[in-house]
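Here's a quick briefing on the side-chain contacts in this one. Have the viewer open while you go through it.

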Amino acid sequence: QVQVVESGGGLVQAGGSLRLSCAASGGTFSSYALGWFRQAPGKGREFVAAITFSGGSTRYANSVKGRFTISRDNAKSMAYLQMNSLKLEDTAVYYCAASRSYSDYRSGSWGQGTQVTVSS
């Protein structure tokens, strides 16, 4: 089973950008779809973006479409989430998850999360 670790979170002003990274180890990275999820204070975990095994297809939550971009580099066992035009409501802990299924991450491998805080 692959393990994943997120990095790249931090404090950024509204309108700014951040790039989150997800480093994978312990498995064949290209055998896993990757998803990004987030959990804001007092709210449940929500889907943000996902990318297929080869990176040929992606999907996004409506709230981030056009602002966030998910990508992966299978040679480096890395996935990324480029976040532009950040809004206050993007403040959350962001999680990377690796799954054998592009659409279901409940049984996947999850990282511990990285905090993103957007300030006004």
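Arg106 is exposed, with a relative accessible area of 73%, and that label applies because the value is over 50%. This is a predicted model, by the way. Arg106 has a salt-bridge partner in Asp104, at 2.9 Å from N to O. Below are the charged contacts, then the aromatic ones.

**Salt bridges**

- Asp104, the partner of Arg106, is partly exposed, with a relative accessible area of 28%.
- Search the whole structure and you get 4 salt bridges.
- Some of them share partners, and that joins Arg38, Glu46, Arg67 and Asp90 into one network.
- As general background, side chains of opposite charge can pair when their charged atoms come close.

**Around Arg38**

- Arg38 pairs up with Glu46 in a salt bridge, where the closest N and O atoms are 2.6 Å apart.
- Arg38 itself is buried, at a relative accessible area of 5%, whereas Glu46 comes out as partly exposed at 36%.
- Arg38 also forms a salt bridge with Asp90, and here the closest N and O atoms are 2.9 Å apart.
- That second pair links distant parts of the chain: Arg38 belongs to strand β4, while Asp90 is in the loop between β8 (78-83) and β9, 52 residues apart.
- Asp90 is buried, with a relative accessible area of just 1%, so it falls under the 20% cut-off.

**Aromatic pairs**

- The structure holds 4 aromatic pairs.
- One of the pairs is Phe37 with Tyr105: the ring centres are 5.4 Å apart and the planes sit at 65°, so this one is edge-to-face.
- Phe37 and Tyr105 come from distant parts of the chain, with Phe37 in strand β4 (residues 33-39) and Tyr105 in the loop between β9 (92-99) and β10 (109-110), 68 residues apart.
- Phe37 is buried at a relative accessible area of 10%, and Tyr105 is buried as well, at 4%.
- Tyr95 and Trp110 make another edge-to-face pair, at 6.4 Å centre to centre with 65° between the planes.
- This pair links distant parts of the chain too, since Tyr95 is in strand β9 and Trp110 in strand β10, 15 residues apart.
- Buried or partly exposed: which label goes with Tyr95, and which with Trp110? Tyr95 is buried, with a relative accessible area of 12%, but Trp110 is partly exposed at 27%.
- Zoom out and you'll find Phe37, Phe47, Tyr95, Tyr105 and Trp110 forming one aromatic cluster.

**Charges over rings**

- Which ring has the charged end of Arg59 sitting over it? That's the ring of Tyr102, with the charged end 5.1 Å from the ring centre.
- Arg100 lies over the face of Tyr32, at 4.4 Å from the centre of the ring.

Definitions and conventions
Residues numbered from 1 in each chain as written. Predicted model: local features only at pLDDT ≥ 70, side-chain atom pairs only at ≥ 80, totals over all residues. Heavy atoms only, no water. Phe/Tyr/Trp six-rings, centres within 6.5 Å; stacked < 30°, edge-to-face > 60°. Helix = DSSP H or I, 4+ residues; strand = E, 2+ residues; numbered from the N terminus. Buried < 20%, exposed > 50% of the residue type's maximum accessible area, 1.4 Å probe, protein only. Lys NZ or Arg CZ within 6 Å of the ring centre and 35° of its normal. Salt bridge = Lys/Arg side-chain N within 4 Å of Asp/Glu carboxyl O.
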